[in-house]
Amino acid sequence: MNLPKELRYSEEHEWVKDEGGNKVRIGITDFAQSELGDIVFVELPEVGDELEANAPFGSVESVKTVSELYAPVSGKVVEVNGDLEDSPENVNETPYEGGWMIVLEVSDSSELEKLMDADKYQAMVSED
């Protein structure tokens, strides 16, 4: 399982990358995409939408199931990965690169401190 050390992770299997300037890039983890199987559709919010931490912001549909996406932190959507509309398989192929989902302008940076580092996330998924 690929878990980049520089990222933070949520209990709902989203990753968060600090992009600087109070912005973070968000996607689902390698573990999550492997559990879901082949992803065929990704539903994402619109630029300008306000998200609350731990609230659903979209969904991922795979050949097996539909799974909600949960915002790991609160903020305003400033960018959406439009490539996923035509190429949802990017989430399976490169979950941390081409498979990213949204960029948020974080409204409360203290929420980032509540997320797990790679070691804690690894321990959590190993328990499942």
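## Exercises on a predicted protein model

In the span of residues 23-105, the C-alpha atoms at the two ends lie 4 Å apart, and the span is 18% helix and 42% strand. This stretch is what UniProt lists, in an unreviewed entry, as "domain: Lipoyl-binding". Keep in mind that the structure is a predicted model. Now let's work through it together.

**Exercise 1.** Find how many helices and strands the protein has, and the order in which they run.

*Solution.* Start with the count: there are four helices and nine strands. Next, walk along the chain from the N terminus, and you will read β-β-β-α-β-β-β-β-β-α-α-β-α. The walk therefore opens with a strand and ends with a helix, if you follow the DSSP runs from the N terminus.

**Exercise 2.** Work out whether the radius of gyration agrees or disagrees with that of a compact globule.

*Solution.* First, take the chain length, 128 residues, for which a compact globule would have a radius of gyration near 14 Å. Then look at the protein's own value, 13 Å, which agrees with that expectation. For another view of its size, the C-alpha atoms fill a box of roughly 35 × 35 × 20 Å along the principal axes. Finally, turn to burial: 47% of the 128 residues count as buried.

**Exercise 3.** Decide whether H13 is buried or exposed, and list what it touches.

*Solution.* Begin by locating H13: it sits in the loop between β1 (8-9) and β2 (14-20). Its relative accessibility is 18%. Buried means under 20%, so H13 counts as buried. Now look for its partners, leaving out residues up to four places away in sequence: H13 touches G27, I28, T29, F31, A32, Y121, M124 and V125.

**Exercise 4.** Do the same for Q122: where does it lie, and which residues does it contact beyond its sequence neighbours?

*Solution.* Q122 is part of helix α4, residues 118-127. Its relative accessible area is 32%, so Q122 is partly exposed. Setting aside neighbours within four places in sequence, Q122 is in contact with M1 and L3. Take L3 and compare sequence with space: Q122 and L3 are 119 residues apart in sequence, yet their C-alpha atoms are 7.8 Å apart.

**Exercise 5.** What share of the protein's contacts between residues at least 6 apart in sequence joins residues at least 24 apart?

*Solution.* Consider the contacts between residues at least 6 apart in sequence, and then pick those joining residues at least 24 apart: they make up 62%.

**Exercise 6.** How many positive and negative side chains are there?

*Solution.* The protein has 9 positive and 31 negative side chains. The centres of these two sets lie 7 Å apart.

Methods: Residues are numbered from 1 along each chain as its sequence is written. This is a predicted model: local features need pLDDT of at least 70, side-chain atom pairs count only at pLDDT 80 or more; totals for chains, interfaces and linings use all residues. Side-chain values use heavy atoms; hydrogens and water are left out. The radius of gyration is taken over C-alpha atoms; the globule rule is 2.2 Å times the number of residues to the power 0.38. Buried means under 20% relative accessible area, exposed over 50%, partly exposed in between (1.4 Å probe, protein chains only). Contact means heavy atoms within 4.5 Å. Lys and Arg count as positive and Asp and Glu as negative; His and the chain ends are not counted. The place of a charge is taken as NZ of Lys, CZ of Arg, CG of Asp or CD of Glu. UniProt positions are given in the numbering used here, feature names are shortened, and annotations may be inferred rather than shown by experiment.
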